Amino acid sequence: MYNNRKRNGTVISLLTMTMLLAACGSNAATNAPPSNGNTSAPPVTAESNDTAEGGNADLSGTLKVQLVGDFSMEDKTDAISGNTSRGVKVLKEEFEKQYPNANVEFILMGWDNYNEKTQTMLQSGAADVYQVPGIATFTEQGLLEPLKPYIERDNFDLGVYLDGQVDGWRTMGPDDQEPQIYGLPFIGDTRVIVYDSQLFEDWGVEPLSESPTLDEIMEKAAAMTGTNPKTGEQNYGLAYKGSDAADTVMNINEALGGQWGEGFLWQSMKLEFDSDTMIQAMDWLKEATKYAPAGVLAGQGFENFLRDNNNVAIHLRMPPGFINEAETFGQEDRYQAALLFKNPTTGTGSMFAGSPFSIGASANNKDLAWEWLKFSSSEMFQQYMWTDQRSHSMPVIKAAADWDSVKEIPQMEVILKSMSQLWTPRYPYRAGQPRYILSENVERVLLGELSAADAMKKAQEESAKWLKQQ
């Protein structure tokens, strides 16, 4: 949420974000409740990326916009923090000010069965603009409008977005030969390595590099596992979320020069779960788990991470909302961020995440819907998402790096940089069964039930069999 400490002394209290995403068919934005202590933020005027003053009155009618998550029309107060966030009526008011003959109607829904609900809405033409973190599913059915004609017509500058954010949402329609633009980003997301600088200091270990290597992580995790020389408490070098272990292995694989596979549509996709680098990555995580709490796979032993009584030095993979939780507990200066691993050849790594806006193929007001997509790239829109929806949204535009509210949070430099180096096109494997097959076999290795080579071979065979059935 909006950090306004330097201006009015308000300290933000936010819950951490649990991101679904979906990427791309992958991680969707999280459903953590937004909160904001800045109830008197000065108004900001939107200047749409390529919307000229004067012609807006020509566009008229009702624009129906679907949003997924914890959005609300009216202002709401967080029950835990007591902070207030402004409702999406702020966006409605600004857009209608720019387009006097337009009327915005929001269709708000939660994350429960959101893909199925969105499918029904798209088929019935229930809205014009859709939030579609699972964009690939709908594009391949021909349910979304291609955006290239609109972009070219208006000479819309895609350079306002962080590098990779537009490409990350490219997907394929029924007649496409390669991924095209069917959505534009409006919610940003990523994952980063987070570490406890206090524990590093206690152990006399140098802080992590901004972009640490596998060797650096392993060496420093080993050095900080044992009895803390200052506190006398048991410490562990690292931890990771057990349910995300497959994604962690894939990211380690990228650091070793590997990739998840290639292709986009299920029918032409080829996975590389049994590559030499995947097996090495699996062995690396198994070795690193020696420096983690015993219950790490079940999410146990690192419950105090981001708090003052934390006992784990490094968390291998966290959503950017950690900055909110750390501040809630007064630990914002203690916990720092580092970049996830990346492929040395491509310079990218980790799954793409967030949410885009798309126009339904059956939309009733496509021109006005396109104006909304451009509006979502404006600083006004993105500042609203940052100040009032930060619990599940990071800015997706380059201009955010210059906002005072972003610059006063040191970890944001790494977070924005991370969002610009995500692997794109996205990880298609995370959209379906291959992800679950991989996860199951990764867990069996970490539990000692299978060797890395046997598990990765099994994951490859089972996933390839599933792909043939699609």
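The largest nonpolar core, a set of buried Ala, Val, Leu, Ile, Met, Phe, Trp, Tyr and Cys residues joined through side-chain atoms within 4.5 Å, has 120 residues, and those with the most contacts inside it are Leu285, Ile314, Phe322, Trp372 and Leu438. Here, buried means under 20% relative accessible area with a 1.4 Å probe, protein chains only, and a contact means heavy atoms within 4.5 Å. Helix H9 (residues 276–288) gives the most to this core, with seven residues. Leaving aside residues up to four places away in sequence, Leu285 touches Tyr240, Ala245, Thr248, Val249, Ile252, Leu316 and Leu446. A second, separate core of 17 residues includes Tyr130, Val132, Ile135 and Trp169.

The model is a predicted one, in which local features need pLDDT of at least 70 and side-chain atom pairs count only at pLDDT 80 or more, while totals for chains, interfaces and linings use all residues. Residues are numbered from 1 along each chain as its sequence is written, and side-chain values use heavy atoms, with hydrogens and water left out.

Helix H8 (residues 245–255) is mostly covered, with 10 of its 11 residues buried. Among them are Ala245, Thr248, Val249 and Ile252. The packing partners of the buried H8 residues are helix H7 (214–223), H9, strand E14 (312–318) and helix H15 (433–446). Just after H8, Gly257 takes a positive phi of about 95 degrees.

Turning to the whole chain, 16 helices and 16 strands are found, taken as DSSP runs numbered from the N terminus (helices H or I, at least four residues; strands E, at least two). Of the 470 residues, 59% are buried.

Technical notes:
Buried < 20%, exposed > 50% of the residue type's maximum accessible area, 1.4 Å probe, protein only.
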